[in-house]
Amino acid sequence: MFRLETKYSVIMPQLSNLVGQLSLSLGYAKEGDRCCVRTLRIHSNRLRLNSRFFAGKSVDTAPQIIGMLFSLCGTAQSVASVRACEQALGKPADAATEQQRDLQVSIETLFEHLLRLSQDWPAALGNEPPAAHELQALFKLKREVLQVPNPAVMDDIQHWFETRLLGLPTQRWLDYCIRHDVKKLSIRGKVGNLMTRVCANGWQELGNVTLHLLPDLETDWWLAKLASPTAEDFCAEPDVDGQACETSSLTRQWDNPALQVWREYYGSGLLTRLIARVLDMLECWWELGREIPPNFSTGLSLQQTARGLLVHRVVQANGLIQHYQIVAPTEWNFHPQGSLYQMLSGLQAPNEAELRRQAQALITALDPCVAYQLEIHHA
């Protein structure tokens with residue numbers, strides 16, 4: 001979905017043509033009572049920017065446009081863009097900014113996992129979709145952790161996925177996972193329901209093929225590939241020495257000891273991929289918990305001014321202000337039971353006009369930082 005501002009209207013016609021799709025053409029033939037795939041073509045014309053698309057525009061333009069173009073993983077797209085642009089300009093961000101960016105991407109990644117396990121997997125396997133109130137609760141948690149990242153919200157997120165997805169405390173789920181206890185894992189939770197459906201269909205090894213993991217490649221390798229005359233082709237159909245590779249939650253978790261037994265039973269099949277997705281979600285949750293500071297930090301400033309002591313206090317978490325308080329000298333000096341009250345209480349004058357002048361003199365002496373209105377009336 002596009003969300004383009006007027007300032008970018010000049011390139012809207014181009015952007016409107018960028019959203020594409022993934023096309024898969026699968027041909028099959030009957031063999032006995034089975035339909036067997038015989039031909040398959042996969043073509044992607046999804047959003048892919050020509051390397052000259054931003055040519056001639058300010059470097060600052062790219063991250064803003066990128067952030068508007070991509071709705072899925074939009075934060076990660078924006079952060080990747082702004083980091084590349086900062087590096088190109090030789091203006092790296094400070095450590096606090098980088099930490100905040102990592103935090104935002106981690107939050108996005110965690111909730112992507114939670115949504116895929118809650119919505120997409122059940123839909124693909126024919127299971128019941130999540131109730132509206134469950135998703136509302138999930139989105140509420142996402143808003144809370146984005147606004148005020150703190151351990152309490154992380155505990156709420158853990159409670160959400162333990163009660164709705166895992167159906168078990170996290171550690172117990174992991175214990176069963178390491179032991180390949182399909183029966184115990186399938187008893188409760190939406191993940192358990194997914195496992196039950198996979199097993200009922202006999203799909204545990206569905207899609208089990210030799211996996212080619214995208215290796216860790218040096219920066220120079222990427223720079224050479226993306227600067228080569230065939231870079232556009234590489235962006236469309238990337239490979240490593242002619243080999244198409246996979247980069248996914250499964251490849252990230254491939255060496256996780258908790259996944260080992262699942263790989264031994266089902267290779268890279270569907271059940272292994274489901275377990276890998278859950279493990280990746282849990283790892284993301286743990287990492288995010290480490291990125292959030294355990295305590296808020298507080299700053300206090302006491303500043304003498306012409307009217308007296310001025311105090312500011314700020315409480316922040318991850319660069320976001322949680323509380324900001326000010327105690328001004330006027331609040332002290334014009335306290336309902338304070339100095340002015342005591343001074344005015346003892347006034348005596350021959351008439352109302354004189355009483356007003358005396359009161360005004362005392363008020364001026366205390367020097368309020370705002371205008372005032374003095375009302376004098378018969379008691």
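Visitor: At the start of α17, what makes the pairing of N351 and A353 a polar contact?

Guide: A side-chain oxygen of N351 comes to within 3.2 Å of the backbone nitrogen of A353 in this predicted model. The cut-off for such a pair of N or O atoms is 3.5 Å, so this pair qualifies as a polar contact.

Visitor: How do you know that the length of helix α17 agrees with what is expected?

Guide: Helix α17 runs over residues 352-366, 15 residues in total. At 1.5 Å a residue they should span 21 Å, and the end C-alpha atoms are 21 Å apart, so the two values agree.

Visitor: Which residues of α17 are called buried, and why do we say they line one face?

Guide: A359, I363 and L366 are the buried ones. Seen down the axis of α17, the buried residues fall within an arc of 55 degrees, so they line one face of the helix. Those buried residues pack against α15 (329-333) and α16 (339-345). The face turned away from that buried side carries T364 and A365, which are exposed.

Visitor: And what comes just after α17?

Guide: There you find D367, with a positive phi of about 60 degrees.

Visitor: Let's turn to α5. What makes its buried residues a single side?

Guide: In α5 (residues 132-147), E134, L135, L138, L141 and V145 are buried. They cover an arc of only 115 degrees around the axis, which puts them on the same side of α5. Among the elements covering them are α4 (95-125), α6 (151-166) and α9 (189-201).

Visitor: Which residues of α5 are exposed on the other side?

Guide: Those are A132, H133, Q136 and Q147.

Methods
Residues are numbered from 1 along each chain as its sequence is written. This is a predicted model: local features need pLDDT of at least 70, side-chain atom pairs count only at pLDDT 80 or more; totals for chains, interfaces and linings use all residues. Side-chain values use heavy atoms; hydrogens and water are left out. Helices (H or I, at least four residues) and strands (E, at least two) are DSSP runs, numbered from the N terminus. The expected span of a helix is 1.5 Å times one less than its number of residues. Buried means under 20% relative accessible area, exposed over 50%, partly exposed in between (1.4 Å probe, protein chains only). The arc is that of the directions from the helix axis to the C-beta atoms. Contact means heavy atoms within 4.5 Å. A polar contact is a pair of N or O atoms within 3.5 Å; within protein, one must be able to donate a hydrogen and the other to accept it, and residues adjacent in sequence count only if both atoms are side-chain atoms.
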